[in-house]
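Let's take a walk through this model together, stopping at a few places along the chain. Keep the 3D view open as you read.

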Amino acid sequence: MKDVFGQKRLAFWKNWNKQDKALYLFSLILLGVSIILFMASYHLGLDLLIDWKVLNETKGINTTLDEFQRNLNNYTLEVQTYFVNQYFEAGNLRINTLGAKIYLLFIAFSASLIIAAISSMRKILWFSLSMSLVVAWLAFMKFDTLGILGYTNNAFLIVSLVLYIGVSFLFHAYKTEISILYRFLVFLGITLGLGTVALTTSTLSHPYIHLTNYGNIVNSIASLIFIVMVGYDLVNGFFTLSLQGQGNSLKALISFGVLSLLYLSNLLLVFLNQIGYISWDLNFFNPFYLFLGATFLGIWAHRRRSTMIQETIPFHSEGALLYIGLAINAIATFTYAFATTNNPMISVFNDAVSYSFLCLGGVFVIYVVLNFFAPLQKGLDVYEYIYEPKIVGHFFVRVAGIGLVFTLLAKHSYEPVKQWMGAYYNYVADIYTVNNETNLAKYNYKLSNQYSPLNHKANYTLASIAMKEDNLQEAQEYLNRLALGKTISESGFINLSNIYEKNGKVFKSIFTLQRGVKQYPESGIINHALAYAFQKHYKNQIDSVYYYYNRASKYLDDPNIAQSNLITLYGEHQIPVSLDSLKKMQKVETDLMTNNFLALSSIQGQENRFDLSKQTWKNDSIATGEVSCILYNYAFSRLGKGDSTLKNTLTRFVAHPESAYSENLKFALACLHYYDHEVDKSKKLLDDVLVSCTNELYPYYSNFLGTLLYKKYLSELAVDYFEKSTQAQRFFVINSAPSHYAFASAENSEIQDLSFTFQLLSIMDTTSKSVVAQLKPIFENPSLDSVAKWTDKQKFQYLIYHPNTKYDSINTNKILNSFEDAQAKAQTCTVLLDQLLDKNEKELAENVWAQIPQIELYPRILKEVNYQYLRLLALQYKFNELSDRLENIKLSEERKLNYYYLKGIAFEALGDTTNAKIAFEANLKIQPLLDLSYVKYAQYLEEVEAYNFLVKASYRLPNSAHLHKSLALYAVNMNMDAHAQFSYDRLETLLSKKEFEKFSAIYERSKAEAEKRFNEEWE
């Protein structure tokens, strides 16, 4: 029995001479490589050219850092805990420069092989017709626009034509004895030589793109010729198989008919689906796979067909190599179409295979039936005569088949021809794109769109250009065209969704992604984008977010991208989850996942096991975005721990201007310093942040710093920051700032000093207006009888905020005696004591002290009572008792910071100046923002040294009345009248009218004494 292809041996080239066999085998290997590259580009497709960017977006979630109470008002310090979400953004459609270079090499080889075979043709007519294609190939490359050797004329084209035509004619007419191997090597040398000159001397940046894309016109035509050449080889294979299985009988013909019917009916369905006659979701034959199968079978079929053209070109080995050359060219051209995602060209080849295989295959069936029905019925051997028919000639297959192809083209309105034009302009546009000639590229992509309105390459690229030019409407139109035509890619869905979102059309954005998931159900990127959109815009759709993130993690190359966003979801909605179980799910530990775990542990109050010392980036000088977020979140879990390693790391990163989120790092470092009782460092860092931060964040940071200072009882400093935050409310609202400003301002102000505050608050938000409504009655001088009927909180506010009542013991006692809650009364007394002791009002303070209820007080109130008791002892000159009680009395953490100040007062009163100076110096270190510490310490310095010391302190605390009082008196005493006047004038803005008048008397008396002393010394 014969083998499948009618050969005694499949390797028919085995007996060729070594040179021919070596060239043929090398060509087959190259053909195999081209098929592998085709399969890779076919399956990778758009993934080769789309740059997917994974972008980070920080998601801040408010977390309570600290809470405290002052003056019956609750104060909350909130910070943002930062999660980092990741999302995808599709980039532009890149020009495949590497693919062009590889394609150019394959074309160089196949062209050299084809031209070498053409030069072996025995008839001048076929030689001339074949060489005309070579001439066209060279002409269409437009060498004149390459600027080769600086020339922009046709000189290079003429040289190329002379070399190819001259040498091939020489081989054809005169040197016919030259072997095919040497011919091939000569033409390969010419091709590589000309190519090297063109590529190395061209003035264009990417001349190889120019050569491949313009030359593709003729390459695609040659590919179409080859498709027709192998158009019936699969049907021919069916006939051969039938003869092998059934022998030379009628059964073989029936078997052949059944196989052919199944094959051709599927091709017909493909054709009907392509022209839109049907729209069935069927698994049709893949035309490209059919083509590869036909190409493979054609290697042997072409050998048997070559008997018909033996007089034109012998099969051994010129005809065989011509076939391989055409096959390599066709497959390389297919590959380049997929590698550049030129879908109109892909459509052209798809249609060409479908039409050709359907028409030529069908005609071949008729050819077999007409010629071999009778012989097979008689049991005659027809295999050897398949290409030697008696009734209908083989030429009928080609002519009738091609005729039917053109009939189908007409039926399809010559749509493949339009697609071919669209593909051509895509290639031309790519040339301009790679040479950065955007306007010409746009023009040619639009031309491509005219011929192929739904082609992805042109519409997607035009949309990308429009997005780059911030023309979102135009970009939307191009992508919508693809979506409506159902030719949109994953990247197209993502970009279209992003455009809708930027235009505020959230529903359309999500609907677009839902369509994308339906079309690409296994797209990890689209599933992730849909989950991210729900998470961002529909916070109640927790189930949908969870579902799509889990689907995305199945299909994404890096599932951590979806899993890290899920951690943010748990944090946003306070969903209880075990961190340990989450960590087991992550395949690779990343900085981003580490940050989100830290953030989640912070929000849920779980233990975090982050070890800074084990991080590879710990000693870097620049912090990346992920590292900054990690350190920021970690810092707020280490407050009050005295973590010097963390503070040093943050300080190093903050010092480098290129560190990401340096403002946030400064803020975190400031908080670390604050809770390590380094308030001065904290304030300095936050002041730096206020200088550099945006208008949007300025009110927040001002209010935050004011609240920190207020907690430390640094009210005068705090008021300044509350005021800054409140004034900035004209732009951005921080609801708590106005009320903070109002209450802090009201503590030690007179009615006229608060008029501007009330005026400002009255135009603020609802919260601010309610504060005004709450405080305003206090300053309208209500009768004491009416105040006695107020709530305890209102009485408290009246006593501490009204500028006159606190200085009248009878009125004060009357209101205190009307309190219903003893704890509230005790707390009110502590605040009144604080205010009166600040102004050295000894008798009034003793009166309030006597009003403190003799009950078991709440620990917080008791600690404040203890502190005011110590201050009262100092004012009563009971310094021994003060010194003794300091060692064992319970104080709050904030009040403990004034331990050394009170100790210094006791030492000073007892005459121990050495220890007094040491105590005041120690207090400066732990309370560098307490102005009285500077005043007291200056008393132990020489006069000039003390003055300079206080000047430096005033730079740090420019609004301190205590410092300016001391500076004014020092300057007067040193006869520095200008300096004294500066501080005196400054005090007029810092003190109430009554306090300023009181100081003026002291100042004038000191000034007079200094002048008298000066005059006496002068005399």
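**Cysteines, hairpin, helices and salt bridges**

Start with a cysteine: C359 has a relative accessibility of 5%, so it counts as buried. C829 goes further down the scale at 0%, and that makes it buried too. Bear in mind that we're looking at a predicted model here. Did the search of the whole structure turn up any number of disulfides, and if so, how many? The count is zero. For the record, a disulfide would be a covalent bond between the sulfur atoms of two cysteines.

Now swing over to the strands. β1 covers residues 50–70 and β2 covers residues 73–93; they run antiparallel, and 19 bridges join them. If you want a spot to get your bearings, find I61, which stands opposite T81 in β2. The two strands make a hairpin with two residues between them, and in that turn N71 has a positive phi of about 55 degrees.

From the hairpin, jump to helix α2 (residues 97–118), where you'll find L113. In sequence L113 is 29 residues from V84, yet their C-alpha atoms are 57 Å apart in space. Is L113 buried or exposed? With a relative accessibility of just 1%, it counts as buried. What does L113 touch, once residues up to four places away in sequence are set aside? Its contacts are L23, S27, F184, L321, I324 and G325.

Next comes a bit of surface. I124, L125, W126, L129, F169, L170 and Y174 make up a nonpolar patch there, together offering about 720 Å² of accessible area. Two helices, α3 (124–140) and α4 (155–174), each put in at least two of the patch residues. Which one gives the largest share? That would be α3, with four residues. I124 sits in helix α3, and its relative accessible area of 45% makes it partly exposed.

Time for the charged pairs. The structure has 27 salt bridges, and three of them are worth a stop. In one, K683 pairs with D687, with the closest N and O atoms 2.9 Å apart. Why does the spacing in sequence suit a look at the helix? K683 and D687 are four residues apart in helix α27 (residues 679–692), so about one helical turn separates them. K683 is buried at 9% relative accessibility, whereas D687, at 22%, is partly exposed.

Another bridge joins the side chains of K724 and D720, at 3.5 Å from N to O. Here too the partners are four residues apart, this time in helix α29 (residues 715–727), which means that about one helical turn lies between them. K724 has a relative accessibility of 30% and counts as partly exposed; D720 is partly exposed as well, with a relative accessible area of 21%.

The last stop is R895 and D834, whose side chains meet in a salt bridge of 3.8 Å, N to O. This pair links distant parts of the chain: R895 belongs to helix α40 (residues 893–896) and D834 to helix α36 (residues 822–838), 61 residues apart. Are R895 and D834 buried or exposed? Both are buried. The bridge also has company, as salt bridges with shared partners join D834, D838, E864, R871 and R895 into one network.

Definitions and conventions
Residues are numbered from 1 along each chain as its sequence is written. This is a predicted model: local features need pLDDT of at least 70, side-chain atom pairs count only at pLDDT 80 or more; totals for chains, interfaces and linings use all residues. Side-chain values use heavy atoms; hydrogens and water are left out. A disulfide is a pair of cysteine sulfur atoms within 2.5 Å. Buried means under 20% relative accessible area, exposed over 50%, partly exposed in between (1.4 Å probe, protein chains only). A salt bridge is a side-chain nitrogen of Lys or Arg within 4 Å of a carboxyl oxygen of Asp or Glu. Two strands pair if DSSP finds at least two bridges between them. Contact means heavy atoms within 4.5 Å. Patches are made of residues with over 30% relative accessible area and no salt bridge: like charges are joined within 9 Å, nonpolar side chains (Val, Leu, Ile, Met, Phe, Trp, Tyr) within 5 Å. Accessible areas come from the Shrake-Rupley method with a 1.4 Å probe; for residues, only the protein chains shown count as cover.
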